[in-house]
Amino acid sequence: MDTLANFINGEFTAPVNGKYIENVEPATGRVYGEIPSSSQQDVELAVKAARKALPTWQAMPIEQRAELLFALGAAIEANLESFAKAESKDNGKPISAARTVDIPRAASNFKFFAHAASQFASQAHAVASQAINYTLRQPIGIVGCISPWNLPLYLFTWKIAPALAAGNCVIAKPSEVTPKTAALLGELCQQVGLPKGVLNILHGTGDKVGAAICDHPEIRAISFTGGTSTGAAIARQVAPQFKKLSLELGGKNPALIFADCDIEAAVNQLIRASFANQGQICLCASRIYIERSIYPAFRDAFVEQAQALTPSDPSLDSTQMGAIVSRPHMEKILSYIELAKHEGASILTGGSSLKLNGRCQDGYFISPTVIEGLDNEARCNQEEIFGPVVTLQAFGSDEEALSLANDSQYGLASTIWTQNINRAHRLAEEINTGIVWINTWLERDLRTPFGGMKNSGVGREGGEEAMRFFTEAKNVCIKYK
Ligand code: NAD
């Protein structure tokens, strides 16, 4: 049994209440570990440690702070294989994805924000011959970072790295569904000599330790990634304390496929965009709109490739599609597929869970599922399913495509597939999503603003946006005449 501990004040610590919750391997359905079911008392200990660490961390020369963050990134790279194995086991994702995407990106997050710390600057505003204003960008103090299970270490470090780079001390909580690599990160903090109390990692459920982090009066900012309803609950909770709040929430991302696109490239990329990480990426395409004249050709090619993608044991090098993260999540996805049938859909491929043999016989697997025949108002086109399920619809004009894409409570990411540069620019301007990819998907540059509109979130992460979020701006005005 792999028993995890909280990481408080640079030490691995059992939860004060002595309670644990089970950790399940999704590919086998078996419990393989336990994690602290932390509570408000553990948050109190973590805040005490962060409070003590804060003056030294803030006073540390930027070069030294950046070196420590860089060392953390390098340490993750040096442990790539063990981290990738742990991530794949904990989450059910293919080991190849953990090895080439999740863990390298977690390392990059630290290295990128190590550089950002040394490049971060603020503005000055001169009033000619009278006065000068300059902006101080000061660390907030103690901040909370709460992350989801779909890209565990990747998203955990995407918050922690800028928070630390900006000079804050951090109380961080990974998802209770995928806690393992966050625990391993604590070991690397010890290894590289991160001062005690600068980063504290607490495990447990959202309603207990997550809510206690949001509620603590000394934690002055919350950076949250997760579901939209959780984001709404957190916003309600922290509003009376006027904390800074960054929310990265759910999506229902449209893909617009025009007749003039490179169909082969669009099919290949959309297969990845729909089914990567078992469709459990907030940026995955889930509503695919296809210009009517190419609908049959696109659909047939897309379904053929989806059928060729078979989920298998995530620990095998050859596996392209792994397990769904948990039984409750698998049941939620399957319930949406049943709903689609009731809503009058045709299931073109997939549509059910899959039973594997051997080690993974009790694991959580769903075949790539492609659905057609639903109206845009159908719940399966409006609600986030967050699994390997996409719907196809035809459109007749640019205006219709845009209106279908924008007819959603969400506004995270979209993709547009066309060779017409005028159309691409016009639609990019008019589509209501925080991220627009044209003839590509998930092409990431860590300097760009990252986040969604409408119910997909508030604020932006990435590059300077993250550094700004994790600092307070203070204007200083000097009158000299
Ligand atoms: P979730 O909202 O259930 O949980 C996310 C985190 O919040 C977990 O650590 C959880 O323990 C914690 N939490 C739950 N209730 C809480 C509360 N009341 N107070 C404080 N913390 C609480 O989300 P999930 O199921 O882990 O992740 C899937 C969701 O995340 C999907 O909706 C997906 O779209 C979204 N997501 C968004 C982005 C983005 O960048 N916009 C990225 C990845 C995932």
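What covers the buried residues of α3? In this predicted model, local features need pLDDT of at least 70, side-chain atom pairs count only at pLDDT 80 or more, and totals for chains, interfaces and linings use all residues. Residues are numbered from 1 along each chain as its sequence is written, and side-chain values use heavy atoms, with hydrogens and water left out.

The cover over the buried residues of α3 includes β4 (20-25), β5 (30-36), α4 (95-119), α5 and α6 (180-192), with contact taken as heavy atoms within 4.5 Å. Helices (H or I, at least four residues) and strands (E, at least two) are DSSP runs, numbered from the N terminus. The buried set in α3 (under 20% relative accessible area, 1.4 Å probe, protein chains only) is F83, A84, A86, E87, S88, D90 and N91. Helix α3 itself runs over residues 80-91, and its 12 residues reach 16 Å from first C-alpha to last, close to the 16 Å expected at 1.5 Å a residue; that expected span is 1.5 Å times one less than the number of residues. Right after α3 comes G92, with a positive phi near 95°.

Helix α5 turns up again around a cavity, meaning a set of points on a 1 Å grid over the protein atoms alone where a 1.4 Å probe fits but cannot get out; lining residues have an atom within 4 Å of a point. Volumes are the space filled by probe spheres set on the points, which are joined across faces, edges and corners. The second largest cavity has about 50 Å³, and α5 gives its lining three residues, the largest share. The largest cavity holds about 100 Å³.

Definitions and conventions
On a 1 Å grid over the protein atoms alone, a cavity is a set of points where a 1.4 Å probe fits but cannot get out, and a pocket is an open set with protein on both sides within 12 Å along at least five of seven lines; lining residues have an atom within 4 Å of a point. Buried means under 20% relative accessible area, exposed over 50%, partly exposed in between (1.4 Å probe, protein chains only).
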